Amino acid sequence: DLARVLRAIMPLTTWEQPPDLAGQLTLRSKLASQAGRISLDGNGQIEQFVAGRSESAIREPRVEFVSRAAIDTQKQRVDIEQLKLTSRLLGLEARGAIEDYTGARRLDLQCSYSTEWQPVMALIHQLAPATAGSITINGRTSDTFTVRGPLNTPDAEPAWRGVQTQVGVQWDSARFYGLNVSGIQLRPHLHDALLEIPDASAAASGGRINVGGAIDLAPADPVLLMKGERRVLDGIPINAQLSRDVLSHLNPIFAETSEIQGNVSVVLRDVRLPLGADKRSSRGSGVFTASQIRLQPRGILAELVKLGSVAQSRFGSGLAEVRMSDLHFRMDNGRISYDDFTMLFVDGQLDLKFRGYIEMGGDMNLIVSVPVRAGLLEQFGVKGEITQYVRLAEGMRVDIPVRGTRQAPRLDMASVNMKPILDNLLKQTISSGARDAVGRILGAPADRNSGAAPRPQAAPRPEEAVRDIVDGLLAPRQKQNQQGRSRSR
């Protein structure tokens, strides 16, 4: 019982807790010593091997190993003639030497590995369940490589900072967020606790994905680094999964789209992105470009289209043609922010303008600017001749906060400030000099069909006219907002 053995030998070690290893160990070995030199030959297997705990544990039905090594206690050196590990997940072989094994532990190893991607992906999906429906890699990967440098440098952070290696990784095909990605070969280089990923490119459903950069492994949470400018997505055909899981980090309307078509590109500049939970030290910038976008409005986008008085029937097949401006965004303090992202619907008849930020954790503080249309006025309970008001409100816009998270956004209509719109409508109505328009709003139009002259009426005092127009425009909302407050004129 491997777990019991580890607990039994704890008094002989400096462990605070035994390693999280379990399984049924069978070991056949020969140990001999002569003149300060110890030789160790052994082989064996571990049945039902488990490394780790609970759902994140690595489980292997059988792990086999072979070792032939010699230890020189005077020179503090371990010579490894053969070290071989075979399992369903990984095949690994190594030979070489470890010098100063109680001190710096300098490595000089020749290694090789091979594995099938299928069991590796099963482990990744187990450790990170969110990747199960998003990332699949097929084929086999293998390489021969060296590992050199000290594992323990007391003054370095981390202590293994001096270790260097370069390992090749490849796959035959993959599927990322609904995209079919071609085979690719990478040779990351580890040095100075920095894993450098050389530039590489792969075809992706008619577009291209371009990778490269580095991962800084020195901090407690690794950090992704990209220097300069890199077009990471180039002419990629968009799909619902890519929209929901990736592009929703830029705008929540992408999270609620059940059907979407078109092409997108993303350029990143000077990116620093922590890979742990704390994203506050993130920085960088980028540009999102979209073309030939057609989508099915859902959620808040469907609400915004309705507020803009665009009928669903205008979309023909159910997909709306949308022109999107380039989205210039910044990454800072764990947020993706921008000042102006515009969506144009129905040949420019409706334009939605977004600004604000989305936190990388999902929360957001966005504003969408919407033109004043009949749908918006009806939403706020405006009475009277809506068409007349819309004509007078031409060019006016309303800011609507977008709250919630990127995956569950909502329009915060209760926080919309309609006072500037009211002020402008009143100025437009009164300054136009159209007494009949004022009369209609006040509810006393002339009877045009009777032929009778209107009865003389006393002209209302200006403050009364303003009060009554406000009552007509926003009667329901006014009652709701002014409960418990005195009414000002």
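Is Ala193 buried or exposed? Ala193 counts as buried, with a relative accessibility of 0%. The close-ups below come from a predicted model, and the first of them starts with this alanine.

**View 1. Two alanines with positive phi sit in loops between strands.** Ala193 belongs to the loop that connects β12 (189-191) and β13 (194-204). Its phi is near 60 degrees, a positive value in a residue other than glycine. Ala35 has a positive phi too, near 55 degrees, and is found in the loop between β1 (21-34) and β2 (37-51). The burial of the two can be set side by side: Ala193 is at 0% relative accessibility and counts as buried, whereas Ala35 has a relative accessible area of 77% and is exposed. As background, most residues other than glycine have a negative phi.

**View 2. A cis peptide bond joins Glu157 and Pro158.** Omega here is about 0 degrees. Look for Pro158 in the loop between β8 and β9 (164-166). For context, most peptide bonds are trans.

**View 3. Strand β6 (residues 106-116) has a covered face and an uncovered one.** Leu107, Leu109, Cys111, Tyr113 and Thr115 make up the covered face. On the uncovered face you will find Arg106, Asp108, Gln110, Ser112, Ser114 and Glu116. Strand β5 (residues 91-99) runs antiparallel to β6, and nine bridges join them. In this pairing Gly96 stands opposite Leu109. The hairpin of β5 and β6 has six residues between the strands, and Asp100 takes a positive phi near 50 degrees there. β6 also pairs with strand β8 (residues 140-150), again in the antiparallel sense, over eleven bridges. Here Ser112 of the uncovered face stands opposite Thr144 in β8.

**View 4. Trp117 and Trp171 form an edge-to-face aromatic pair.** A search of the whole structure finds seven aromatic pairs. In this one, the ring centres are 6.4 Å apart and the planes make an angle of 80 degrees. Trp117 lies in helix α2 (residues 117-127) and Trp171 in strand β10 (residues 169-176), so the pair links distant parts of the chain, 54 residues apart. Both Trp117 and Trp171 are buried.

**View 5. Phe288 and Phe341 also meet edge-to-face.** Their ring centres are 6.4 Å apart with the planes at 80 degrees, and angles over 60 degrees count as edge-to-face. Phe288 is part of strand β17 (residues 283-295) and Phe341 part of strand β20 (residues 335-345), 53 residues apart along the chain. Phe288 and Phe341 are both buried. Ring pairs bring them into a cluster with Phe254, Tyr338 and Phe354.

**View 6. Arg335 lies over the face of Tyr357.** The distance to the ring centre is 3.9 Å.

**View 7. The largest pocket holds about 2,200 Å³ of space.** Among the 48 residues that line the largest pocket, Tyr177, Leu224, Met226, Leu273 and Leu275 are the closest to its centre. Which strand gives the largest share of the lining? Strand β14 (residues 207-216) does, with six residues. By residue class, the lining of this pocket divides into 38 nonpolar, seven polar and three charged residues.

Conventions. Residues are numbered from 1 along each chain as its sequence is written. This is a predicted model: local features need pLDDT of at least 70, side-chain atom pairs count only at pLDDT 80 or more; totals for chains, interfaces and linings use all residues. Side-chain values use heavy atoms; hydrogens and water are left out. On a 1 Å grid over the protein atoms alone, a cavity is a set of points where a 1.4 Å probe fits but cannot get out, and a pocket is an open set with protein on both sides within 12 Å along at least five of seven lines; lining residues have an atom within 4 Å of a point. Grid points are joined across faces, edges and corners, and a volume is the space filled by probe spheres set on the points. Helices (H or I, at least four residues) and strands (E, at least two) are DSSP runs, numbered from the N terminus. Ala, Val, Leu, Ile, Met, Phe, Trp, Tyr, Cys and Pro count as nonpolar, Asp, Glu, Lys and Arg as charged, and the others, Gly among them, as polar. Rings of Phe, Tyr and Trp (its six-membered ring) pair if their centres lie within 6.5 Å; planes under 30 degrees apart count as stacked, over 60 as edge-to-face and the rest as tilted. Buried means under 20% relative accessible area, exposed over 50%, partly exposed in between (1.4 Å probe, protein chains only). A charge sits over a ring if NZ of Lys or CZ of Arg is within 6 Å of the ring centre and within 35 degrees of the ring normal. Two strands pair if DSSP finds at least two bridges between them.
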